[in-house]
Amino acid sequence: MKSNSALAACVLWTAFLAFAQSAPAPASAKVKYDAASRIKLTGVVDSIEQRSLGGACKAPGVFVTVTAEGQTFELRIGPKWFIQAMTWTFTKGDKLEITGWKVDKEGSNEVVVRKIDRAEWSLEPRDDHGAANWLWMPPPKDSGKCT
């Protein structure tokens, strides 16, 4: 009886590994990732806004404005449904440590967020190559494809 259970476990494990290896690679980032534009900031939240992320994503996105190093930066976090599902919240006055990359626009201080650290939590909406970490979650109906 034990050998049958062990055999079944081995077969299931092998099938799982085969499936995992055949899974597609994460989609590329919607906003062009540029390693040369990586930035690290420590800032304080001034405001939180929800608005369209644009493109095929019809879900509202979360944007946080922070003051860091005497400048104002707009942080592009990700879709609202992802932030809510992970129970992350932002409040005016929060001190954040941000890692991301600046968007290549003339005069822009927009930062696409790779990682945010706050005293009690850490948020990683994108991986080191800019791909969205919410792609494993099923988006709400009618939200479109959010990358």
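Contacts between residues far apart in sequence come up a lot here: of the contacts in the protein with a separation of 6 or more, 54% are between residues 24 or more positions apart. Keep in mind that this is a predicted model.

What carries the chain along? The protein has 2 helices and 6 strands. Going along the sequence, they come in the pattern α-β-β-β-α-β-β-β.

Now for inside and outside. The protein has 147 residues, and 37% of them are buried. Its accessible surface is about 9,000 Å², and carbon and sulfur atoms account for 57% of that.

Then there's the disulfide, and the count is 1. For anyone new to the term, a disulfide is a covalent bond between the sulfur atoms of two cysteines. In this protein the partners are C57 and C146, with 2.0 Å from S to S. The link between C57 and C146 is right-handed, with 70° about the S-S bond. C57 sits in strand 2 (residues 57-68), while C146 belongs to the segment after strand 6 (121-123), so the disulfide ties together parts that are 89 residues apart in sequence.

Are the two cysteines buried or exposed? The cut-off for buried is under 20% relative accessible area. C57 is at 4%, so it counts as buried, and C146 is buried too, at 5%. Here they are side by side:

| Cysteine | Relative accessible area |
|---|---|
| C57 | 4%, buried |
| C146 | 5%, buried |

Note on methods: Residues are numbered from 1 along each chain as its sequence is written. This is a predicted model: local features need pLDDT of at least 70, side-chain atom pairs count only at pLDDT 80 or more; totals for chains, interfaces and linings use all residues. Side-chain values use heavy atoms; hydrogens and water are left out. Helices (H or I, at least four residues) and strands (E, at least two) are DSSP runs, numbered from the N terminus. Buried means under 20% relative accessible area, exposed over 50%, partly exposed in between (1.4 Å probe, protein chains only). Contact means heavy atoms within 4.5 Å. Accessible areas come from the Shrake-Rupley method with a 1.4 Å probe; for residues, only the protein chains shown count as cover. A disulfide is a pair of cysteine sulfur atoms within 2.5 Å.
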